[in-house]
Amino acid sequence: MFATRKNRAERTTAQAWEYLSAAMASAGEAARDAGKQAAATADSAGRGTQRLADRANRRGRKMAARVDKRSQKLARKASKKGHKLAGRASGAADEAWSRANAAANALAGQKPGRPWGLIAGFGLLGLAAGWAAATTARAAVERAAEDEQIELAETALVVTPTYDGK
């Protein structure tokens, strides 16, 4: 009985370690690939700018102004693409990093923390809904009491005593 528990625990630990290693490796690869793509994009934009600048030297100042405008456009485009790629890689790397940390914490025997922000948010939402329901119910009860009072006043039979002098 104890041997199977130990084997199961060792097997679980080995699987968690493999998962952790794979997650760390994939995070590193994702960041490395994104860096390579950003560098390649910036490099190709730089080569295009250089070619345009060489042509501008041959054709004069008018062409130089167009080349400058074009090179700025290409640089902006390369910068945007680089930022996009870096953002994608950053998101993938962040996800991989958080998963790797969760796996490391699981190996260490630590349980994940409670999402206190969500708990507090839903608690406040419930409090607001309860307050709105209570206010509405109180107003409805008051309105019903007023309506009943008006109805009693309208249908009340007024009896006036008469004194006969007999």
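## Surface and overall architecture

The accessible surface of the protein amounts to about 13900 Å², and carbon and sulfur atoms contribute 58% of that area. The structure is a predicted model. Of the 166 residues in the protein, 13% are buried.

The protein contains three helices and zero strands, so that α-α-α is the pattern read along the sequence. Among the contacts in the protein with a separation of 6 or more, 79% join residues that are 24 or more positions apart.

## The salt bridge in helix α2

One salt bridge is found when the whole structure is searched. Its partners are E95 and R99, whose closest N and O atoms are 2.8 Å apart. Both residues belong to helix α2, which covers residues 61-107. They are four residues apart, about one turn of the helix.

Neither partner is buried: E95 has a relative accessible area of 39% and is therefore partly exposed, and R99 is likewise classed as partly exposed because its relative accessibility is 45%.

## A buried position in helix α2

Helix α2 also contains A103. With a relative accessible area of 8%, A103 is buried, because the limit for this class is under 20%.

When residues up to four places away in sequence are not counted, A103 touches Y19 and L20. Y19 lies 84 residues from A103 along the chain, yet the C-alpha atoms of the two are separated by 7.3 Å.

## The negative patch

A patch of negative charge is present on the surface, where E142, E146, D147, E148, E151 and E154 gather. One of these residues, E148, is located in helix α3, which comprises residues 116-155. E148 is classed as exposed because its relative accessibility is 52%, the cut-off for that class being over 50%.

## The nonpolar patch

L118, F122 and L125 make a nonpolar patch of about 360 Å² on the surface. L125 is placed in helix α3, the helix that also holds E148. The relative accessible area of L125 is 55%, so this residue counts as exposed.

## Summary by helix

In helix α2, the pair E95 and R99 forms a salt bridge, while A103 in that helix is buried. In helix α3, E148 takes part in the patch of negative charge, and L125 contributes to the nonpolar surface patch.

Definitions and conventions:
Residues numbered from 1 in each chain as written. Predicted model: local features only at pLDDT ≥ 70, side-chain atom pairs only at ≥ 80, totals over all residues. Heavy atoms only, no water. Patch = residues over 30% accessible without salt bridge, like charges linked within 9 Å, V, L, I, M, F, W, Y side chains within 5 Å. Areas by Shrake-Rupley, 256 points an atom, 1.4 Å probe, with all protein chains shown as cover. Salt bridge = Lys/Arg side-chain N within 4 Å of Asp/Glu carboxyl O. Lys, Arg positive; Asp, Glu negative; His and termini not counted. Charge placed at Lys NZ, Arg CZ, Asp CG, Glu CD. Helix = DSSP H or I, 4+ residues; strand = E, 2+ residues; numbered from the N terminus. Buried < 20%, exposed > 50% of the residue type's maximum accessible area, 1.4 Å probe, protein only. Contact = heavy atoms within 4.5 Å.
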